[in-house]
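The exercises below ask you to read backbone geometry, helix packing and charged pairs from a set of coordinates. Each task is followed by a solution that goes step by step.

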Amino acid sequence: MWEFDDEVGRAWQNLRTSARKSSFLKKTEGDGGADIPYSIATTVLTQLTGGYVHLDRQMRFLVALSRTPEDAIPAKTLRRVFTSLEGVVSGKDLDEIPFTVNSDLAHRIANTTPHRRCLAETVLPSADTPVDPPNWAYESVRWHIADKLAAVPLYDKPVASSTKPSVNNKGESIDRITGWHTNEDKSTWVAVSYRPTSSGELVAWDHPINTLLVSRGHPIAAHEVTRDWPSDPEQAQYGMSRLSIRMKTFPNLPWPVITITPHMRRVNSTVCHARTALLNQGNTTPLVQVELTKRGGARRLSAHALRILAKLTATPSALHAVEDRVDAEIAQRKQGLKRWEISTPPPGTVRPTVPKSEEFAVGTGMGRYHNLLVRDMINRAFSDRQIQFMELESAASSSLFAPRAAKQLTEDDLETKKSNEQGRYADQVGLPNAEAIRGSLEAEGNHTLRLVCLWCTPVVRQRMWRGLACSYGIDPEVGEPAENEPFSLAPGVEAVFCEASGVLAHGVAWSERQTLMRKLLTEHLAAGRLVAAWCETEVKPTNPADDGKHACRKILNSLTIPSQFLRARDDRDEIIQPPEIPHRDYRVFMGLLDLYRSCGIVDDRFERALYSSKLTCPLSQRLAWVGIHVRRQGVNKETRKKKFWSAPKRIVCLVALVPPPHPEGVWRLLGWSNLDPAWKPYRDAVTAFGTTSYPLHASTEQDDRQRWRQVAGEVNTALAELARHELDGRDYAVLLDGEKCRRIWPGLHNNKQDVGPEQVNTTDAWLPGPDGLKPVSTVRINVADEEMPQVTEATDTAKNGTTKTVAMPHGIYRPVDRLGSDHPWFVNTVPRNYGKTRYGQWYTRWRAEQQSSLSGKKVPKVMEAPWYALSTREIMPIRTQQGYDRAEIAFATARLCHESLSWTDITNYPTPLHLAKKMDEDHPEYRRSCLDALDEELAEEIEQSN
């Protein structure tokens, strides 16, 4: 380990500043030039050392895994690497750099004496005090765990079912499965080997997964992997099992916890559209994970890193394979092939990763049974050492949650079958009824809701009409309503259809679009009437800057009209056809649900969810709940023509869910943002927020820490105004994402739970809440998958005191005898579509054919489906005031996740925090609307090269 002084940090910052200003780097590296110093240094050092190197982005330390003192990176090598780096940034030729560049940064780094550190002494506490490992230890531990696990295989053990004769609902004799048991004949076990990566993960490199490969045996022979590789792009898609490794701490626990979580690493068909790639440099070294920078419209390795490596006599053959792949892909694009038409090559040296979630032939997740096999693998890998698994026990009985607003029906339900046979609509998403809509409207001074349906495609108009008709008990086959003529859906709820192709189309000039939109909607605006727009949209435009959806949303926001958009085409640019049975168009009903959310309509679902007497530990007092969403948006990609990074933006959104003083009243939904710092009804807050551009986070007069202090001050001001003017004396609790907000409020950190600001001598706001008007509790939520325990089973206690082990524990759980009174709670969620097929419960993806025979579905359908394991989120009430019970607050938070206004199932965040995040996502400048237009940029590059 090299620990650098402040002078090194300042020299590094100067180099980063020079890189950002370098016209030479902009020309040679494109947008990737913004991260040039770091990306070059990590690529070169990782390649030179063969794997495990971690460089702190602020140049506070450098860590490399060395098993002997001789393994340390020589000072001479460090000097040459950072001298070359500084010369590259200044635009010098590599041959000239040793003679013309005198790098103070390189000399200081090379003259820093490295120290060998013992992880046990660094990570484990010497006394029974909260553990606080240094930042570098979090990376180093992952390398050691990965090496240890890679030394043993994962044994994929086949299972068999136990059955007994039974009779189904139709009176037919069947064999009902009563249990499962593992085949203990070791000759039937398959050894799956995992390879460690330079990032501290494990990948089953030699055991790729797709529909073709599972039919060729398990284990699959090496020559069978690439034989007769399909040319069809969908059949060629494949993935690999991945194990992520993280070290984290928990409050009141005096030692760290290692979480090891199975995932599916899906391989991208192209390198030029990927952000990272895995490279195989031989079986004796870890797989190298490299970051790809965007240059000339395609993702490539840094050309400067390759030149430096060649100069330092490294062997970059695998790295050159990346560049060869990109050149070949560009050649295919010149032939007119679209991205999804390029077939994934057979598994080889270079495997780019899928950059985002999209349709894929291999689904997500590895399944619960895979978790059990990993647990067995961990036991064997650490058989020579004492390890302890975290055990969870139930913290509440089965009456933790009240029934949702809509009953989740399955195909086995007789009610669903009867409804389908009779063509009747059964609400499965939880739409508010007309009475609840009127109640919400009247609470805010309105008496009518008018839904203006703006359409371009007749098919979309038909789908909109069917959705409205079904949800309000109207026969959708009676005939579609006339154009531009409002019609009643229910007392207080109206709708009108308006053809608006000239307004909704992509690429329409702003002034023309604004004029047409105002002309179209002005006649519908009236006192006491809330107007909401339900609009058609395409998947994406040719140029993201011309996106009609986001331009229309901004204009609608200026008119104080909430909006929601319904897709007309799928990802393959094909028209989405309405299903034969109208009430099966779930996209339509989900769109309606989200439109009502944008309107701020709240029914009595939260009254039942929080205060029902049938619940375990219901809320005893009528609390308001405030969600705080804070985000920094680093890159505005609509300015991509400038070929550089713009200033980061800062977003702060608050949403308050306020109960009425009595159970029969109407719940209120209020919103606040740093773009419109005043509490308003949620719909008005959303539209006001979306009218103005995101504000800058950066400032020439303030550093980053001061800017986050300013955020804390803004939030305290907003909470003070809420408490004084909107809550009528009721207390409130705050909900926030602890991982995203801990840079603002130090009191969220695990190692700060037993101390206060006076003990650490800080003037920063410790937790949100103004003096004299503090919340009754600050509830920290953590939803990061790789930080959560991957639960395989837990202990449930029945009312009579007996205990039993539950395989898929659904509910709220606490650690067993570990964390004392200040422990967190874990909410385990079984996926709602975890039905009778139960993909992954007793099979791995390598045995998808057996799973297919069990479920009765074809192998491709089984393979592309998600393989289910539990989802887990952490709930940690902090500084709960006297008179309020932590368990009661935690249970209520879980119930606010269980019941939502814009989703049909449990959400990651409790409703107020979820709605604050949705408020941000609805903004026209939200980063989702500015996703990389890689296809368009690549096409532009090809056009220019021709």
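**Exercise 1.** Which residue is the bridge partner of A490 in β20?

Solution. Keep in mind that the model is a predicted one. Begin with the two strands, β19 (residues 487-490) and β20 (residues 493-499), which pair in the antiparallel sense over three bridges. Following A490 across to β20, one arrives at V493 as its bridge partner. The hairpin that β19 and β20 form has two residues between the strands, and in this hairpin G492 takes a positive phi near 90°.

**Exercise 2.** Examine M59 and D228, whose phi values are positive although neither residue is glycine, and decide for each whether the residue is buried or exposed.

Solution. Take M59 to begin with: its phi is near 60°, and its place in the chain is the loop between β2 (53-55) and β3 (61-64). The relative accessible area of M59 is 1%, and because buried means under 20%, M59 is buried. Turn then to D228, with a phi near 50°, which sits in the loop between α10 and α11 (233-236). Its relative accessible area is 59%, and because exposed means over 50%, D228 is exposed.

**Exercise 3.** Locate the cis peptide bond that involves P219, and state where P219 lies.

Solution. The bond in question joins H218 and P219, with an omega of about 10°. P219 belongs to the loop between α9 (211-214) and α10 (222-226).

**Exercise 4.** Describe how helix α23 packs against helix α30, and classify the residues that make the contact.

Solution. Two packed helices are described by the angle between their axes and the distance between the axes. For α23 (residues 682-691) and α30 (residues 911-921), the angle is about 35° and the axes are 9 Å apart. The crossing of α23 past α30 is right-handed. On the side of α23, the residues in the contact are Y682, A685, V686 and F689, which meet L915, K918, M919 and D920 of α30. Sorted by type, the residues of this contact divide into six nonpolar, no polar and two charged.

**Exercise 5.** Compare the salt bridges R325 with E329, R650 with E714, and E921 with K917, asking which parts of the chain each of them joins.

Solution. The structure holds 44 salt bridges. In the pair R325 and E329, the closest N and O atoms are 3.3 Å apart; the two residues are four apart in helix α13 (residues 317-334), which means that about one helical turn separates them. Both R325 and E329 are buried.

The side chains of R650 and E714 meet at 3.2 Å, N to O. Because R650 lies in strand β24 (residues 649-658) and E714 in helix α24 (residues 704-725), this pair ties together parts that are 64 residues apart in sequence. R650 counts as buried, at 5% relative accessibility.

For E921 and K917 the N to O distance is 2.5 Å, and these residues, four apart in helix α30, are again separated by about one helical turn. E921, at 12% relative accessibility, counts as buried, whereas K917, at 22%, counts as partly exposed.

**Exercise 6.** Which residues are linked with K918 in a network of salt bridges?

Solution. The network links K918 with R553, D594, R597 and D922. K918 also appears in Exercise 4, among the residues of α30 that meet α23.

Terms used:
Residues numbered from 1 in each chain as written. Predicted model: local features only at pLDDT ≥ 70, side-chain atom pairs only at ≥ 80, totals over all residues. Heavy atoms only, no water. Buried < 20%, exposed > 50% of the residue type's maximum accessible area, 1.4 Å probe, protein only. Pairing = 2+ DSSP bridges. Axes fitted to C-alpha atoms, helices over the stretch in contact; angles between N-to-C directions. Left-handed = near helix turned anticlockwise from the far one by under 90°. Contact = heavy atoms within 4.5 Å. Nonpolar A, V, L, I, M, F, W, Y, C, P; charged D, E, K, R; others polar. Salt bridge = Lys/Arg side-chain N within 4 Å of Asp/Glu carboxyl O.
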